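Trainee: Can we go through a model together? Please show me the sequence and structure before we start.

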Amino acid sequence: MSAPVAFKVIISNVKCKGLTTSSALNDPDATIDAFITFNWPGKGKPFKTQIIYDNPNPAYDEWAAEFFYSTQYPEHLKRRKLLVTATDYNRWKPNEAIGNVDLILALIASGPIGHHLTLTTAAGDACGEVYFEVEMQEVM
């Protein structure tokens, strides 16, 4: 049996570039009012940024999530993934998924801190980019 391991995790410096939705492609008056969620395995409710209105290139400079994560089986970090999702907020109708990307926790634990990834739709089409930093420091 493996010894349990614990980490202090900090997600910060979130920025997106070129976010688009299918409705924005079909409607020249559509705006992107985006928020980003970070769904960390085993943490329950996802961590969510604030909404930035009318901007396909939002920067969430003042937002950060800090928490502790532990696992009894460190080898599971090779199979578990952080899911990052961009969503377009809509006041009068359901929010619209922009796209998502996932990242294996073992990659986060071993570095690098900065991640620049392409978001994709459910159909696999690129729909923007996301940059964020994740520090995953082992604690004793």
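Mentor: What follows covers the elements, the overall form and the cysteines.

Mentor: This is a predicted model, in which local features need pLDDT of at least 70, side-chain atom pairs count only at pLDDT 80 or more, and totals for chains, interfaces and linings use all residues. Residues are numbered from 1 along each chain as its sequence is written, and side-chain values use heavy atoms, with hydrogens and water left out.

Trainee: How many helices and strands does the protein have?

Mentor: Two helices and eight strands. Both kinds are DSSP runs numbered from the N terminus: H or I over at least four residues for a helix, E over at least two for a strand.

Trainee: In what order do the elements run?

Mentor: From the N terminus on, the order is β-α-β-β-β-β-β-α-β-β.

Trainee: New topic. How much of the protein is buried?

Mentor: Of its 140 residues, 39% count as buried. That term means under 20% relative accessible area, with a 1.4 Å probe and protein chains only.

Trainee: And the cysteines, how many disulfides are there?

Mentor: The count is zero, where a disulfide is a pair of cysteine sulfur atoms within 2.5 Å.

Trainee: Why is Cys-127 not bonded?

Mentor: Because the closest cysteine sulfur, in Cys-16, is 9.7 Å from the sulfur of Cys-127, too far for a bond.

Trainee: Is Cys-16 buried or exposed?

Mentor: Cys-16 counts as buried, at 6% relative accessibility. Cys-127 is also buried, at 3%.

Note on methods:
Buried means under 20% relative accessible area, exposed over 50%, partly exposed in between (1.4 Å probe, protein chains only).
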